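Notebook open, viewer running. I want to go through this chain piece by piece and jot down what I look up.

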Amino acid sequence: MDAILHIKPNGPLLFRDTRPFNTGDAARTQLFPHPSVTAGTIRTLLGKQLGYSFTDVEVGRVLDWSIYGPVLRFGNHNYFPAPADAILPATAVKRLSPFELKDGEGMNLPDGLLPIGSKQTDVKPMSDPPLFWRDKELYKWLACEQISLSDVLENGYSPETEHRTHVTIGDNNTAKDSHLFQSESIYPQVMQGDELLEGGYLVSVSAPDVNAFSGPIFHRIGGEGGFAGFTELNSDSWPSDSPDALLVKARESLKIKLQLVTPALFDGGFLPKVFTGKDKSIYIHWDAVGVSLRLVSAAVPRWTPIAGWDMQTGQKPLRRLVPAGSIYFLEVENRADCEKILDKAWMKPISDNEMDRKNGFGLALWGIWS
């Protein structure tokens, strides 16, 4: 089965972060579910549809499925994490890009990477810019087209948390003294004009063992027993192809950039293996796509933690994620290579580990820079 599933929350959902949670503490939520949350939920859901009891053999089958996402969706538009090379001052959207050092200047960046900055003045960012951009504005940004600040602000989205207070119930179905605690949750919704749109999450599923998806189905997702409806959507809802306007510009460019739209996991910290070699200042061949490219610079916010029980090992490892929205500035040898990358690597995962890629970590969009 190759399908696009839409996850529509029935109410606020809790996606626990890595902070400890004990009586008297608050259960904190991530503002957006990690790919492992949606991948694990859908593997469980489809496995139950197949009648699996999740033996070792059956677990191996569901782990072999590729489940990409999640992608935020409102109405007919997809929303992506704000790009890290964009600054939103009070007047206009400003671009960050690599710049060459002048004689006598130096930097302590690794492997000869260039610093990034803006040639424009008045670039002090606003305090609360949208955390997600609508696809229409982001695709223009990736194509180096001018976009208006008002469009980004009016059509952008930032998740809001809902706080609830709970009490622990004792053996006699009565409240325990001094056992109050709080929880956070999120529910995706956005105002478009006078209309309130309720959102959801898209996931691309490739599960060869599944013949069809018999939705809609309600299933638990996240913590606190939250429920969501799972339905299949038309394949056009998934951003599977790069925009035509971007392809046209890419054919004439040697400068291409990568934007993470889901957080990535790399063995080398912020640096994917695809860019590593004996000398990162030279062109490195990317076997999966068949091109040579060079890493020029990167705009990577601070890492974020992820932890979760590994049911097979019984361990709960803490790992460092490269945040969604991170940007990698690259150069290619031939102009045809940019179009080849947009064709083969658009919305494909670039995390180092194969299982992380199958879980949807490191999905990437591509654009050009100058």
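How many residues does helix H1 have, and how far does H1 reach from its first C-alpha to its last? I looked it up, keeping in mind that this is a predicted model. H1 covers residues 35-49, so 15 residues, and spans 21 Å, close to the 21 Å expected at 1.5 Å a residue.

**Entry: around H1**

I pulled up the buried residues of H1 next. They are Pro35, Thr38, Ala39, Thr41, Ile42, Arg43, Leu45, Leu46 and Gly47. An arginine, Arg43, is on that buried list. Just after H1 I found Gly51 with a positive phi of about 80°.

A little further on I stopped at Phe54, which sits in the loop between H1 and helix H2 (56-63). Phe54 is not a glycine, yet its phi is positive, about 60°. I checked its cover too: Phe54 counts as partly exposed because its relative accessibility is 30%, and the buried label needs under 20%.

**Entry: another positive phi**

I noted Cys144 as well, a residue other than glycine with phi near 60°. Cys144 belongs to the loop between helix H3 (135-142) and H4. Its relative accessible area is 27%, so Cys144 goes down as partly exposed.

**Entry: Leu153 in H4**

Is Leu153 buried, partly exposed or exposed? I got 37% relative accessibility, so Leu153 is partly exposed. Leu153 lies in helix H4, residues 149-155. Skipping residues up to four places away in sequence, I see Leu153 touching Leu88, Met126 and Pro130. I also took the C-alpha separation between Leu153 and Lys140: 15 Å, with their positions 13 residues apart along the chain.

**Entry: strand S1**

I picked two residues in S1, which runs over residues 2-9. Ala3 is in this strand, and so is His6.

Ala3 has a relative accessible area of 5%, which makes it buried. Beyond its sequence neighbours up to four places away, Ala3 touches Val203, Ser204, Val205 and Glu232. The C-alpha atoms of Ala3 and Ile67 are 9.8 Å apart, for a distance of 64 residues along the chain.

His6 comes out at 13% relative accessibility, so I wrote His6 down as buried. Which residues is His6 in contact with, leaving aside neighbours within four places in sequence? My list for His6 reads Gly200, Tyr201, Leu202, Gly229, Phe230, Thr231 and Leu233.

**Entry: a cis peptide**

I found a cis peptide bond from Gly69 to Pro70, with omega near 0°. Pro70 is part of strand S3, residues 66-74.

**Entry: the whole chain**

Then I zoomed out. I counted seven helices and 24 strands in the chain. The radius of gyration is 22 Å, and a compact globule of 370 residues would have one near 21 Å, so the two agree. Along the principal axes, the C-alpha atoms fill a box of roughly 75 × 45 × 40 Å.

Of the 370 residues, 48% count as buried. Among contacts with a separation of 6 or more, 73% join residues 24 or more positions apart. The accessible surface is about 18,700 Å², and carbon and sulfur atoms hold 48% of that.

Last thing I looked up was charge. The chain has 37 positive and 45 negative charges, and their mean positions lie 3 Å apart.

Technical notes: Residues numbered from 1 in each chain as written. Predicted model: local features only at pLDDT ≥ 70, side-chain atom pairs only at ≥ 80, totals over all residues. Heavy atoms only, no water. Helix = DSSP H or I, 4+ residues; strand = E, 2+ residues; numbered from the N terminus. Rg over C-alpha atoms; globule rule 2.2 N^0.38 Å. Buried < 20%, exposed > 50% of the residue type's maximum accessible area, 1.4 Å probe, protein only. Contact = heavy atoms within 4.5 Å. Areas by Shrake-Rupley, 256 points an atom, 1.4 Å probe, with all protein chains shown as cover. Lys, Arg positive; Asp, Glu negative; His and termini not counted. Charge placed at Lys NZ, Arg CZ, Asp CG, Glu CD. Expected span 1.5 Å × (residues − 1).
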